[in-house]
Amino acid sequence: MSQLPSSLQSLLTASAENVDDAWSVFVAEYSPLLLHVARSVSHGRDQAMDAYAHVLEQLRRDQCQRLRRYETDPRSRFTTWLVIVCRRLCVDFHRAHFGRARAE
């Protein structure tokens with residue numbers, strides 16, 4: 001069984017007084033990946049930054065409930081799972097603000 005990435009493990013096991021520091025470490029490590037995904041599904045810098053902010057908000061929501069749902073799997077890496085979750089959150093964000101794309 002593979003282990004959780006250290007920054008994720010630290011975040012999920014952090015005490016109430018250390019959770020902000022653990023969150024900062026997690027965000028510093030994974031921001032480039034999250035930004036890349038947000039940019040890939042957005043049109044323009046402003047939309048990408050709004051989607052990125054939404055992703056961070058949703059990952060932190062309810063004491064990182066989404067991140068707590070991650071289960072290690074030797075067939076894939078945490079980053080693969082995180083990209084999928086991030087992409088889905090970005091798509092949901094865009095649909096909520098701009099609606100679904102319609103065929104002409």
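This passage describes the helices of a predicted model, how they pack, and a few residues within them.

The protein chain contains four helices and zero strands. Read from the N terminus on, its elements follow the order α-α-α-α. The C-alpha trace spans about 50 × 35 × 20 Å along its principal axes. Of the 104 residues in the protein chain, 38% are buried. Among contacts with a separation of 6 or more, 62% join residues that are 24 or more positions apart.

A word on confidence helps before the details. The mean pLDDT of the protein chain is 92, and 91% of its residues reach 70 or more. Helix α4, residues 78-98, has the lowest confidence, with a mean of 92, while α2 has the highest, at 97. As a general caution, predicted coordinates should not be read in detail where pLDDT is low.

The packing of the helices can be followed along the chain, beginning with α1 and α2. Helix α1 covers residues 6-13, and its axis comes within 8 Å of that of α2, the two crossing at roughly 155 degrees. Angles over 145 degrees count as roughly antiparallel, and α1 and α2 are therefore roughly antiparallel to each other. The crossing of α1 with α2 is left-handed. On the α1 side, the contact involves Ser-7, Leu-8, Ser-10 and Leu-11; these meet Val-19, Ala-22, Trp-23, Val-25, Phe-26, Glu-29 and Tyr-30 of α2. Sorted by class, the residues of this contact are eight nonpolar, two polar and one charged.

Helix α2 also packs against α3. Here α2, residues 19-40, meets α3 at an angle of about 140 degrees, with the axes 10 Å apart. The two helices are therefore oblique to each other, and their crossing is right-handed. From α2, the contact draws on Val-19, Asp-20, Trp-23, Phe-26, Val-27, Ser-31, Leu-34, Leu-35, Ala-38 and Arg-39. The partners in α3 are Ala-48, Met-49, Ala-51, Tyr-52, Val-55, Leu-56, Leu-59, Arg-60, Cys-64 and Leu-67. By class, the contact of α2 with α3 comprises 16 nonpolar residues, one polar residue and three charged residues. Val-19, Trp-23 and Phe-26 of α2 are worth finding in the structure, as they appear in the contact with α1 and again in the contact with α3.

Several individual residues of α3 can be picked out next. His-54 belongs to this helix, which runs over residues 45-68. With a relative accessible area of 18%, His-54 falls under the 20% cut-off and so is buried. Apart from residues up to four places away in sequence, His-54 touches Leu-89 and Phe-93. Both of these partners have numbers within the range 78-98 given for α4.

Further along α3, the backbone offers something to look for. Most residues other than glycine have a negative phi. Asp-62, in contrast, has a phi near 50 degrees, a positive value in a residue other than glycine. Gln-63 is not a glycine either, and its phi is also positive, at about 55 degrees. Asp-62 lies in helix α3, and Gln-63 is placed in α3 as well. Asp-62 counts as exposed because its relative accessibility is 54%. Gln-63, at 66% relative accessibility, likewise counts as exposed.

The loop between α3 and α4 supplies two more residues to examine. Tyr-70 is located in this loop, and Arg-77 is found there too. Tyr-70 is buried, with a relative accessible area of 10%, whereas Arg-77 is exposed, with a relative accessible area of 62%. Leaving aside neighbours within four places in sequence, Tyr-70 is in contact with Leu-4, Leu-8, Arg-77, Phe-78 and Trp-81. One of these partners, Leu-4, is 66 residues away from Tyr-70 in sequence, yet the C-alpha atoms of the two are 8.9 Å apart in space. Leu-8, another partner of Tyr-70, also takes part in the contact of α1 with α2. For Arg-77, a second pair can be traced: Arg-77 and His-97 are 20 residues apart in sequence and 31 Å apart in space, C-alpha to C-alpha.

Methods:
Residues are numbered from 1 along each chain as its sequence is written. This is a predicted model: local features need pLDDT of at least 70, side-chain atom pairs count only at pLDDT 80 or more; totals for chains, interfaces and linings use all residues. Side-chain values use heavy atoms; hydrogens and water are left out. Buried means under 20% relative accessible area, exposed over 50%, partly exposed in between (1.4 Å probe, protein chains only). Contact means heavy atoms within 4.5 Å. Axes are lines fitted to C-alpha atoms, for helices over the stretch in contact, and angles run from 0 to 180 degrees between N-to-C directions. Angles under 35 degrees count as roughly parallel, over 145 as roughly antiparallel, 65 to 115 as roughly perpendicular and the rest as oblique. A crossing is left-handed if the near helix is turned anticlockwise from the far one by less than a right angle, and right-handed if clockwise. Ala, Val, Leu, Ile, Met, Phe, Trp, Tyr, Cys and Pro count as nonpolar, Asp, Glu, Lys and Arg as charged, and the others, Gly among them, as polar. pLDDT is the predictor's confidence in each residue, from 0 to 100.
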